[in-house]
Amino acid sequence: MSVDAVLDTYWQTARGTIRERCEAVFNQELLSDVKFVVRDSRGGSKTIPAHKFMLAISTPVFFAMFYGKAAEMKDSVEICDCEHESLLELFRFIYSDKANLNADNVMQLLYLSKKYMLPTLAEKCSAFLKENLNALNVFHILQDAQKYEEKDLMNHCWKMIETQTEEAVKSDGFVTVERSVLEELVEKNSLNIKEVELFKAVDCWAEKKCEKQGLVAEGSMKRRVLGERVVQGIRFPLMGQTEFADIVLDSEILTPRETNRLVKYFNSVLNVPLGFLEARRAGGKHVVSRFRSLRRGWHYNSSRPNSILFHVDKSIHLHAIHIFGSDNSEYSVTLEVFDNSSGVSIGLQKGNFLSQQIQCEKVDHQGFDIVFEPPIAIKANTQYHVRAYISGSPSWYGIDGCTPVKQSGVTFHFSTVSGCASYCEKGQFPKFVFTPD
């Protein structure tokens, strides 16, 4: 946009707000008094025109750069620690309060928002990462959350790791974590994983670390890179004797004395496995989530139930079904689970439930659990009908429903009940809490 072209159109009069006028000069030469030179993704460099005043009123870092005691007097500033696309999005946010976040730029934008002291942008980056968090990327995101001290994002990462442990430790990101993360992981009581599978992941981490450091990945060397805290955090007594013999012994990570004691424990010669915990981890329950995104504004009709059909490929026990709510509201709920082939009710819960704030790997929201005591036995390859009559304020709801959904070795298939509120793709029943048989 040339100066003459802009002036000829009386551009200010066509834009009724200060934001619109600022957006009009974003990444434009018009009135610019500084240029930023930054590398592009192909190894070259690009220039971004900017306005010192706009930058200075947005962050204390740019204010000091252009108007402080040691102000930058040159009209060109070279930036070496980011790429053109990310710096351009940072400036877009400064000029318009908007940023086009995606998986390729969000980490660099989080870094830049910290560097240039833009907490609102940091919050947007953190929210984007939480919404796109999954078991495959959670360890990558956790490391960056720790680096940039994003505590809420860190908590979301650990919550997902605890509920989807087995999937998370098989991801590419797991073998890249620091030993401090591994130490924190193995000491958690709430992991959803068999102990032998956790050991396999830890052993794989040790092999990759040895390989990276040019070391021979044999038993004593793997133990050295793991450290005693990690080894002591594995609960070997929880393994089956065959698992221990087939997997752990061959790794040679344990000392002969430790091996001898554990073998004696497995054969009831010792009552206590000295040196290793035998308490079961509390994370035996698994959670399957069926929506990719959450929204507000789901309305209820007391005469029209919310319903969903589901079946699983392996037998499970169903402990609870999560229900959406809204801002500490109270809901009257009658929820029933039927064997759809026979129409027989196998579980019924009803009452008034208070909606509470729920931390979620996607979006924090309000809701509550309908708990079955004792849990309901769900048979493999049998279709079940969940029906709930709900009265209360408009609530959150899910969209982009997934089917099938696999969690902890169990595949859930969801389908829609004709004529009812809630569908496979949209509505209620975001999570099912279960234990595999």
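How do β4 and β16 pair, and over how many bridges? They pair in the antiparallel sense, over four bridges. Keep in mind as you look around that this is a predicted model.

## The five-stranded sheet

Let's start with the sheet that β4 and β16 belong to. It is an open sheet of five strands, and the order is β4-β16-β7-β11-β10, with antiparallel pairing. At the edges sit β4 (286–289) and β10 (356–358), each of which pairs on one side only. The neighbouring strands aren't lined up perfectly: on average they are turned by 40° against each other, direction ignored. If you're wondering what holds such a thing together, strands of a sheet pair through backbone hydrogen bonds, either parallel or antiparallel.

Now walk across the sheet, one pair at a time. Where β4 meets β16, Ser-289 stands opposite Lys-431. Next, five bridges join β16 to β7, and these two strands run antiparallel. Here you can look for Leu-318, whose bridge partner in β16 is Phe-434. Moving on, β7 (residues 316–324) is joined to β11 (residues 365–378) by eight bridges, again antiparallel. In that pairing, Phe-324 stands opposite Gly-367 in β11.

Is β16 enclosed or open to the outside? Strand β16 covers residues 431–436, and five of its six residues are buried, so the strand is largely enclosed by the rest of the structure.

## Two nonpolar cores

Time to look inside. In soluble globular proteins, nonpolar side chains tend to be buried together. In this model, the largest nonpolar core has 81 residues. Four phenylalanines have the most contacts inside that core: Phe-36, Phe-91, Phe-139 and Phe-236. Helix α12 (residues 195–212) supplies the largest share of this core, with eight residues. There is also a second, separate core of 36 residues, which includes Ile-376, Val-386, Val-410 and Phe-432.

Which residues does Phe-139 touch, once you leave aside its neighbours within four places in sequence? Phe-139 is in contact with Ile-161, Ala-168, Val-169, Ser-171, Gly-173, Phe-174, Val-177 and Val-181. Try clicking on Phe-139 and finding a few of these partners, including Phe-174 and Val-181.

## Odd spots in the backbone

Two prolines deserve a look, as each follows a cis peptide bond. One such bond joins Glu-373 and Pro-374, with omega at about 0°, and Pro-374 is found in strand β11. The other joins Thr-403 and Pro-404, with omega at about -5°. Pro-404 lies in the loop between β13 (395–401) and β14 (405–407).

Then there are two residues with a positive phi that are not glycine. Asp-97 has a phi near 65° and sits in the loop between α5 (84–96) and α6 (106–115). Asp-97 is partly exposed, with a relative accessible area of 43%. For Asn-381, phi is about 60°. Its place is in the loop between β11 and β12 (384–391), and Asn-381 counts as exposed because its relative accessible area is 60%, over the 50% cut-off.

## A loop with company

Where is Asn-340? You'll find Asn-340 in the loop between β8 (330–339) and β9 (344–354), where it is partly exposed at 33% relative accessible area. Not counting residues up to four places away in sequence, Asn-340 touches Leu-309, Gln-383, Tyr-384 and His-385. With Gln-383 there is a polar contact too, side chain to side chain, at 2.8 Å.

For another way to place this loop, take Asn-340 and Lys-379. They are 39 residues apart in sequence and 12 Å apart in space, C-alpha to C-alpha.

## Cysteines without a bridge

How many disulfides does a search of the whole structure find? The search finds zero. Why does Cys-204 have no bond to Cys-210? Cys-210 holds the closest cysteine sulfur, but that sulfur is 11 Å from the one in Cys-204, so it is too far for a bond.

The surroundings of individual cysteines are worth checking as well. Cys-204 counts as partly exposed, at 32% relative accessibility, while Cys-22 counts as buried, at 14%.

Conventions. Residues are numbered from 1 along each chain as its sequence is written. This is a predicted model: local features need pLDDT of at least 70, side-chain atom pairs count only at pLDDT 80 or more; totals for chains, interfaces and linings use all residues. Side-chain values use heavy atoms; hydrogens and water are left out. Two strands pair if DSSP finds at least two bridges between them. Axes are lines fitted to C-alpha atoms, for helices over the stretch in contact, and angles run from 0 to 180 degrees between N-to-C directions. A nonpolar core is a set of buried Ala, Val, Leu, Ile, Met, Phe, Trp, Tyr and Cys residues joined through side-chain atoms within 4.5 Å. Buried means under 20% relative accessible area, exposed over 50%, partly exposed in between (1.4 Å probe, protein chains only). Contact means heavy atoms within 4.5 Å. A polar contact is a pair of N or O atoms within 3.5 Å; within protein, one must be able to donate a hydrogen and the other to accept it, and residues adjacent in sequence count only if both atoms are side-chain atoms. A disulfide is a pair of cysteine sulfur atoms within 2.5 Å.
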